[in-house]
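Q: Please take a close look at one part of this model for me: the sheet and whatever packs against it. What pairs with what, and what covers it?

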Amino acid sequence: MHNRVTLKSVQAFEAAARLASFSLAAEELFVTPSAISHQIKLLEEQLSVRLFHRVHRAVVLTDLGRQYAEEVAAAFARIDHATRELGRAAKSDILTIHCTPSFATQWLMRRLARFSALHPDIDVRLNASAGAVDLLSEEIDVDIRYGARKLQPPGAMVIELPSETVVPLCSPDLAHGEHPITRAADLQHHTLIHSEGCLVGWRDWMRLHRKVPLDVTRGPRFDRSFMSISAAVDGLGVCLDSLLLAQRELETGQLVAPLGLTGLTVRGYTLNLLKSRAELPKLRSFQEWLVGELEK
């Protein structure tokens with residue numbers, strides 16, 4: 001038996017087996033009955049088995065032919081399903097992004113529509129979790145990480161993203177309430193919200209305001225920036241967090257920066273991907289778009 005059979009012969013066999021007729025198979029495939037007969041004879045020679053019994057003008061599958069027909073029909077069904085799904089997706093590429101929960105919810109998600117509008121042939125999938133992913137073993141194209149840079153596996157590349165500014169943020173009612181906040185010393189009358197996931201905290205801020213008597217040991221603590229920002233919106237206190245992550249709340253007036261937009265600057269986000277895939281159009285497009293959006 002040859003190592004391979006021709007697809008044309010298998011297609012002719014599948015149609016003849018399903019329709020129990022060489023003539024009907026010929027009509028379906030727009031060929032002559034003799035062409036179907038020739039392809040099936042060729043397939044039988046390639047397989048070294050008889051697939052059909054020829055009984056007068058009828059054809060009947062042999063036992064081996066019936067078994068083979070079942071497998072071939074299943075394979076054709078899978079091909080048909082895959083083709084339908086591909087057509088339904090109507091996308092030429094899938095970009096799978098992993099990033100930290102705060103970056104995903106506070107910044108990236110509401111901007112992905114812009115990327116999709118620019119690249120309609122790329123279908124975006126977004127996963128968010130605190131831990132890093134293994135680019136070598138998981139089906140992730142890019143990983144947006146936050147924090148200290150850790151040792152990367154061989155073949156990975158790390159691209160530093162633009163820096164962010166961290167300042168005190170609070171609700172307008174708190175900023176202009178019973179104890180207005182107009183200078184750093186006014187914070188001593190308010191609850192300090194701690195974002196433990198942020199690279200800088202209230203102790204770092206205190207180093208720039210050594211004369212301000214603040215008790216930075218007290219106040220609620222959250223391990224995700226999006227929770228600290230939400231707590232500040234609800235009036236729980238003053239958080240020290242990223243202008244980048246709080247941009248939506250600042251634009252809508254849910255938060256204000258009572259002491260101004262100048263503060264601690266930190267470069268904490270990195271874009272991680274495999275060097276072997278870096279020049280793929282979908283990854284190059286996303287990298288350029290991401291940096292452009294962050295620099296606005």
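A: Let's start with one pair of residues: E160 stands opposite T270 in β12. Before going further, remember that this is a predicted model, in which local features need pLDDT of at least 70, side-chain atom pairs count only at pLDDT 80 or more, and totals for chains, interfaces and linings use all residues. Residues are numbered from 1 along each chain as its sequence is written, and side-chain values use heavy atoms, leaving out hydrogens and water.

Now back to that pair. Strand β6 and strand β12, which covers residues 269–274, run antiparallel to each other and share five bridges. (Helices, H or I with at least four residues, and strands, E with at least two, are DSSP runs numbered from the N terminus; two strands pair if DSSP finds at least two bridges between them.)

Zooming out, β6 and β12 belong to an open sheet of five strands, and reading across it you get β4-β3-β5-β12-β6, with mixed pairing. The edge strands are β4 (122–128) and β6 (156–160); each has a single partner strand, so one side of each has no neighbour in the sheet. From one strand to the next, the twist averages 25 degrees (angles run from 0 to 180 degrees between N-to-C directions, and axes are lines fitted to C-alpha atoms, for helices over the stretch in contact).

Next, the middle of the sheet. On one side of β5 is β3, which runs parallel to β5 and is joined to it by three bridges; here I97 sits opposite V142 of β5. β5 is also joined to β12, this time antiparallel and by four bridges, with I144 and L271 of β12 as bridge partners. Four of the five residues of β5 are buried, so the rest of the structure largely encloses this strand (buried means under 20% relative accessible area, exposed over 50%, partly exposed in between, with a 1.4 Å probe and protein chains only).

So much for the strands; what packs on them? Helix α5 (residues 101–108) lies across β3 (93–99), β4, β5 (142–146) and β12, at about 115 degrees to β3. Helix α11 (residues 281–294) packs on the sheet too, touching β3, β4, β5, β6 and β12, and its direction makes about 45 degrees with that of β3. Contact here is heavy atoms within 4.5 Å.

α5 is worth a longer stop. Seven of its eight residues are buried, which leaves the helix mostly covered; the buried set is P101, S102, F103, A104, Q106, W107 and L108. α5 also packs with helix α9 (residues 225–233), at an angle of about 50 degrees and with the axes 8 Å apart. At that contact, P101, S102, T105 and Q106 of α5 meet S225, F226 and I229 of α9.

Finally, if you're wondering about cysteines, the structure holds zero disulfides (pairs of cysteine sulfur atoms within 2.5 Å). C99 is buried, at a relative accessible area of 0%, and its sulfur is 16 Å from the closest cysteine sulfur, that of C198, which is too far for a bond. C198 is in no disulfide either, as the nearest cysteine sulfur, in C239, is 9.4 Å away. C198 has 11% relative accessibility, so it counts as buried.
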